[in-house]
Amino acid sequence: MPKATNADDSDAPDGVQIDLISGERMDGMATMEKIRMILDGVHDGNIVILEEGLTPDEESRLIEVTMAEISPDEFNGIEIETYPKSETRDSSLLGRIMGSDAGEAKLTVIGPANQIETLHKDETLISALVSRN
Amino acid sequence: MGLFTELKDSISRATDRLFSEQEPKRIGIYGPPNAGKTTLANRIARDWTGDAVGAESHVPHETRRARRKEDVEIERNGKTVTIDIVDTPGVTTKVDYEEFTDEMDKEDAIRRSREATEGVAEAMHWLREDVDGVIYVLDSAEDPITQVNTMLIGIIESRELPVLIFANKIDLKESSVKRIEDAFPQHKTVPLSAKEGENMDEVYDNIAEYFG
């Protein structure tokens, strides 16, 4: 797991840490392990970039867990941006049974809601402004 | 989750639906905050039962708990469709109590944001476990291509739930139903104004067709 920078630590370097997490690293993880890793990073003020995104079920659980962790004056949630789904989606029977996003790689950017602002997004580019709070 | 478990769950869900056809369908009303979900839920409930579902307000997160109106019988073309309407809090990935401090004091704003977060978490849980179909309500005067909308529609699709998109607030001059149709062309979009009661016949025709 990437070393986290504690935003409250006065010895921490002045900057924003970006964790780029490969699909290979996520492959062996259970849903809650992935969510914990993402939210631990975001709580520390990091921007987390997932090479292969999350499944719809994992996204749903990420929202649910995020809601449980929001607290006044400390953490007000996440910003999450993902490339739009490909037009050439798997529409085979197996694909439908497994969920329409099975095997579909999609880069996802997640960060603290009070620090990240999306400026532009299209099918090939996510442009985000990250502020140091 | 392994291939076998996924397959078993998928078959189990399909079987459950087959054998519960006579039960009222639980239709979740989902969408972002302030899209008009509660106004629509109240319109449907009042039209067919005479009672409202909950309070409406311009302040985001007025609905902080999922509320259910059971056994709403909708009669269309000689057939009766019975549904349970589940009005849910607006789904979001962030809740900041300071958004509410213009309308109320800090203590009330914190309480409201805490209730809102619990409500959103509950709504997500219900979506995974407890609804048979979804009415997805969007404000047609707003840009529909947001991460929350795209993500929620993706989650609904992955669960293979029937979904109708309602383009609400067509009474506003900034409204663009086409923008919503273009954003989600894979789903039926029905224009309406829940506040003014505009186009409700088409709304009920589609509810009966999709969820009957």
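**Nonpolar cores and strand pairing in chain B**

In this predicted model, the largest nonpolar core (buried Ala, Val, Leu, Ile, Met, Phe, Trp, Tyr and Cys residues joined through side-chain atoms within 4.5 Å; buried meaning under 20% relative accessible area with a 1.4 Å probe, protein chains only) has 54 residues, and those with the most contacts inside it are L62(A), Y30(B), L127(B), V134(B), Y136(B) and L152(B). Nine residues come from helix α3 (residues 106–129) of chain B, which gives the most to this core; helices (H or I, at least four residues) and strands (E, at least two) are DSSP runs, numbered from the N terminus. A second, separate core of 26 residues includes V81(B), I83(B), F166(B) and I207(B).

Local features were considered at pLDDT of at least 70 and side-chain atom pairs at pLDDT 80 or more, whereas totals for chains, interfaces and linings use all residues. Residues are numbered from 1 along each chain as its sequence is written, and side-chain values use heavy atoms, with hydrogens and water left out.

Strand β1 (residues 25–30) of chain B is largely enclosed by the rest of the structure, because five of its six residues are buried. Strands are taken to pair if DSSP finds at least two bridges between them. β1(B) is joined by five bridges to the parallel strand β3 (residues 79–87) of chain B, where G28(B) stands opposite V86(B) and K25(B) has I83(B) as its bridge partner. Four bridges link β1(B) to strand β4 (residues 133–139) of chain B, also in parallel, with I29(B) partnered by I135(B). Strand β2 (residues 67–76) of chain B, by contrast, runs antiparallel to β3(B) through eight bridges.

Methods:
Chains are lettered from A and ligands numbered from 1 in the order in which they are written. Buried means under 20% relative accessible area, exposed over 50%, partly exposed in between (1.4 Å probe, protein chains only).
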